[in-house]
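Subject: Structure for you to look at

Hello,

Here is the structure I said I would pass on. My notes on it follow below the display.

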Amino acid sequence: MLNHLSASDKELLYSRLKPVFIKKGEYITLPGQVQENLYLVHSGVQMSFFENEKKMHVVAFTYSGDMCAVPESFFFQKPSRYAIKCLSDSEMNSISFSELNALFDESRSLERFFRKATESVLSGVINRHLELHTLSIEERFRSFAARSPQLFQLVPHKYIASYLGIDPTNFSKLYNSIKI
């Protein structure tokens, strides 16, 4: 998507990004924290989740090419209701809320770029919501396998099962019976 930006806009964006390395198991955001930075993932896998009554609910996975944030915390600068944890060592670039907004004031193209990226995330969230409410567990499994097959090798299956809203035992049966 960066290909649609002019050389000067790319240069402006890269001048504001700060490289960040976060180790496996470290948190990017915790519940109650305001997420100050937006992360652009270069490598690694991150998981957004919340826990209640001792049960984990996985909201999203991010990986190379994705933006990583708790959207309502970052964009509205309010405390997060869930956490983001690195599932593997992760290389990212970060930009603060204030720096990003300053960039938007400087470049209409960068503002449009981030708006389009945010629209894409919103579309994905709506599609995920529809899948959770309209598809069978096998259909959800197959859809995930088609969309993100690499995650089966990178993410513990219990987290994928949670993300898909599938009991871990049923997930295991599906995983063992369906060719990925």
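Leu-40 has Met-67 in strand 6 as its bridge partner. The model is a predicted one, and that pair is where my notes begin.

**The sheet with strands 3 and 6**

Two bridges join strand 3 to strand 6 (residues 67-68), and the pairing is antiparallel. A second pair of residues across these strands is Tyr-39 with Cys-68 of strand 6 as its bridge partner. Strand 3 (residues 37-43) also pairs with strand 8 (residues 90-96), again in the antiparallel sense, over six bridges. Asn-37 is placed opposite Ser-96 of strand 8.

These pairings belong to an open sheet of four strands in the order 1-8-3-6, paired antiparallel. Strand 1 (18-22) and strand 6 are the edge strands; each has a single partner strand, so one side of each lacks a neighbour in the sheet. Helix 3 packs on this sheet, where it touches strand 3 and strand 8, and its direction makes about 65 degrees with that of strand 8.

Tyr-39 deserves a separate look. Is Tyr-39 buried or exposed? Its relative accessibility is 10%, and Tyr-39 therefore counts as buried, the cut-off for that being under 20%. Tyr-39 is found in strand 3. Leaving aside neighbours within four places in sequence, its contacts are Val-20, Ile-22, Ile-28, Asp-66, Met-67, Cys-68, Met-92, Asn-93 and Ser-94. Of these, Ile-28 is 11 residues from Tyr-39 in sequence, and the two C-alpha atoms are 9.3 Å apart.

**The other sheet**

There is also an open sheet of four strands in the order 2-7-4-5, with antiparallel pairing. Which strands stand at its edges? They are strand 2 (27-29) and strand 5 (55-62); each has a single partner strand, so one side of each is without a neighbour in the sheet. On average, neighbouring strands here are turned by 30 degrees against each other, direction ignored.

Strand 7 (residues 83-86) runs antiparallel to strand 4 (residues 46-52), and four bridges join them. Among the residue pairs, Phe-49 stands opposite Ala-83 of strand 7, and Met-47 stands opposite Lys-85 of strand 7. Strand 7 pairs with strand 2 as well, antiparallel and over two bridges. There, Tyr-27 has Lys-85 of strand 7 as its bridge partner. Lys-85 thus appears in both pairings, opposite Met-47 and as the bridge partner of Tyr-27.

A helix packs on this sheet too. Helix 7 (residues 157-164) touches strand 4 and strand 5, and its direction makes about 90 degrees with that of strand 5.

**Helix packing**

Helix 3 (residues 97-106), which packs on the sheet containing strands 3 and 8, also packs against two helices.

With helix 1 (residues 7-16), the axes come within 11 Å and cross at roughly 160 degrees. That angle makes helix 1 roughly antiparallel to helix 3, since angles over 145 degrees count as such. On the helix 1 side the contact is made by Leu-12, Leu-13 and Arg-16, and on the helix 3 side by Glu-99, Ala-102, Leu-103 and Glu-106. The crossing of these two helices is right-handed.

With helix 4 (residues 108-134), the axes are 5 Å apart and the angle is about 125 degrees. Helix 3 and helix 4 are therefore oblique to each other. Leu-100, Leu-103, Phe-104 and Glu-106 of helix 3 make this contact with Arg-108, Leu-110, Glu-111 and Phe-114 of helix 4. Leu-103 and Glu-106 of helix 3 are among the residues in the contact with helix 1 and are also among those in the contact with helix 4.

**Ser-73**

The last item is a residue in helix 2 (residues 71-76), namely Ser-73. Ser-73 has a relative accessible area of 0% and is therefore buried. What lies 2.7 Å from a polar atom of the Ser-73 side chain? It is the backbone oxygen of Lys-78. Beyond neighbours within four places in sequence, Ser-73 is in contact with Gln-33, Val-34, Gln-35, Lys-78, Pro-79 and Ser-80.

Regards

Conventions: Residues numbered from 1 in each chain as written. Predicted model: local features only at pLDDT ≥ 70, side-chain atom pairs only at ≥ 80, totals over all residues. Heavy atoms only, no water. Pairing = 2+ DSSP bridges. Axes fitted to C-alpha atoms, helices over the stretch in contact; angles between N-to-C directions. Contact = heavy atoms within 4.5 Å. Buried < 20%, exposed > 50% of the residue type's maximum accessible area, 1.4 Å probe, protein only. Polar contact = N/O pair within 3.5 Å; in protein donor to acceptor, adjacent residues only side chain to side chain. Parallel < 35°, antiparallel > 145°, perpendicular 65-115°, else oblique. Left-handed = near helix turned anticlockwise from the far one by under 90°.
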